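Thanks for coming. I will go through one structure today, starting with a strand pairing and then moving to the core and the loops. Please look at the sequence and the model first.

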Amino acid sequence: MEIPLFRLCSRPYPPPTMPPPLARDHMTWWLAASCVCQRHVDYAVRFLAEQYGPDADLSRVATRLRCRKCNRRPERVDLVDRPDRRVAEVCGGGARVRRLA
Ligand SMILES: [Zn+2]
């Protein structure tokens, strides 16, 4: 029996990265932002594309959002393919969700 000399015992570094989510690739998607003040807002990517341009990196757009109620940055921002599909409801349900912030 052969004993392997090396084993993969830790995650590869640097971790594999996903390509940046560009607005033009997600025109029918939404940014679902949640604030600590319990305010939830869904931004249509097609409207964000008009404001920031079709090549805007949505993960950077997500860091610029501010809550209109308390003016803080959102506690969490998800890129979702439907505004009514939030992470808590769809884990395991096959919905397309990507956390951005
Ligand atoms: Zn707020």
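**Strands, core and loops**

Start with one pair of residues: A32 stands opposite D78, which is in β3. Keep in mind that this is a predicted model. The pair belongs to a longer contact between strands, since β1 and β3 run antiparallel and are joined by 5 bridges.

Which other strand does β3 pair with? That is β4, residues 97-99, also antiparallel, with 3 bridges to β3. Within that pairing, L79 has R98 of β4 as its bridge partner.

Is β3 mostly covered or mostly open? It is mostly covered, with 4 of its 5 residues buried. As a general point, side chains in a regular strand alternate between the two faces of the sheet.

Now the core. The largest nonpolar core has 17 residues, and the members that touch the most other members are L31, V45, L58, A62 and V77. Four elements each supply at least two residues of this core: β1 (30-34), α1 (45-52), α2 (58-64) and β3 (76-80). Of these, β1 gives the most, with 4 residues.

Take V45 as an example. Leaving out residues up to four places away in sequence, V45 touches A23, H26, M27, W29, W30, L31 and L58. Two of the names in that list, L31 and L58, came up a moment ago among the core members with the most contacts.

Next, a residue in helix α1, namely E50. Why does E50 count as exposed? Because E50 has 11 C-beta neighbours inside 10 Å, and the cut-off for exposed is 12 or fewer. E50 and A23 are 27 residues apart in sequence, and their C-alpha atoms are 9.6 Å apart in space.

Last, the loops. Most residues other than glycine have a negative phi. Q38 is not a glycine, yet its phi is positive, about 75°. Where is Q38? It lies in the loop between β1 and β2, the latter being residues 40-44. Q38 counts as exposed because it has 9 C-beta neighbours inside 10 Å.

The other case is N71, again not a glycine, with a positive phi near 65°. N71 is in the loop between α2 and β3. With 9 C-beta neighbours inside 10 Å, N71 therefore counts as exposed.

To go back to where we started: A32 in the model faces D78, and β3, where D78 sits, is bridged to β1 and to β4. That is all from me.

Notes: Residues numbered from 1 in each chain as written. Predicted model: local features only at pLDDT ≥ 70, side-chain atom pairs only at ≥ 80, totals over all residues. Core = buried A, V, L, I, M, F, W, Y, C linked by C-beta atoms within 7 Å. Buried ≥ 20, exposed ≤ 12 C-beta atoms within 10 Å, placed from the backbone. Contact = placed C-beta atoms within 7 Å. Pairing = 2+ DSSP bridges.
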